[in-house]
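I opened the model to look up its cysteines, its nonpolar cores and a few strands. My notes follow.

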Amino acid sequence: MGADDQGLILMIEDNHDIAEMASEYLERRGYRMDFAADGLTGLHLAVTNTYDCIVLDLMLPGMDGLALCRRLRQDGKSSTPVIMLTARDTLDDKVQGLDAGADDYLIKPFEIRELAARVSALIRRSRRQVSHEVLTVGDMTLDTSTLQLKRGGKDLSVSPIALKLLTILMRESPKVVSRRDIEHEVWGDVLPDSDTLRSHLYNLRKVIDKPFDRPLLHTIHSAGYRLADLEVEAAES
């Protein structure tokens, strides 16, 4: 990477005019670009190469953006930042895209300067978060580079959003994390309805707590949530 290299971006977009406009603008600002015009080619490139950010259209031939994003997160175990481009502008559409694993969401038509700003922000945030560490709470571990989650030596599988929630809570453990801080870090400015976080945490508990002897995820009334092994804390106090 050269001194002026801002990063390598994969643009998966079947609209030639949008792809050409965005690439010219971003290349002038120091980014290197790869392209795919359909979902299958895009997914292949995304899982076989290392990118700093993926700009993903929602409506694509071969495989739509939602399916691609889910497979990238769940099968490819990729944490590459994804910004989704779409003409769908309802809150439900945005939440659906973010639940599929997208990190940001931009409505068409968009200002190219806004796309560049969001790409830059995602890359900065991602580079700060790339720690390649193993987070541990009680008998649960999460490898942030491979996204491998285990509890009691057993492999666990959770959704992309649940993985983000878990990373936040494990990183901050044993501190309490407020509902507002969690929602802001996971969904940014596109906040979901009041039941969305509760629903994701309910599903997360079914995976990380229900099969085991004691819970690690705790609701702190009027304060937020925290991950902690209470038996270990009591023994150490």
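I took a disulfide to be a pair of cysteine sulfur atoms within 2.5 Å. The model is predicted, so I kept its limits in mind: local features need pLDDT of at least 70, side-chain atom pairs count only at pLDDT 80 or more, and totals for chains, interfaces and linings use all residues. Residues are numbered from 1 along each chain as its sequence is written, and side-chain values use heavy atoms, with hydrogens and water left out.

Cysteines. I found 0 disulfides by this rule. Why is C69 not bonded to C53? The two sulfurs are 11 Å apart, which is too far for a bond. I noted C53 as buried (under 20% relative accessible area, 1.4 Å probe, protein chains only; exposed is over 50%, partly exposed in between), with a value of 0%. C69 is buried too, at 1%.

Cores. I used nonpolar core for a set of buried Ala, Val, Leu, Ile, Met, Phe, Trp, Tyr and Cys residues joined through side-chain atoms within 4.5 Å. The largest has 52 residues, and L56, I208 and L227 have the most contacts inside it. A second, separate core of 21 residues includes C53 and M33.

Strands. I read strands as DSSP runs (E, at least two residues), numbered from the N terminus, and called two strands paired at two bridges or more by DSSP. Strand 8 (residues 148-151) pairs antiparallel with strand 7 (residues 140-143) over 4 bridges. In strand 8, L149 and R151 point to one face and are buried, while Q148 and K150 point to the other and are not. L149 is the bridge partner of L142.
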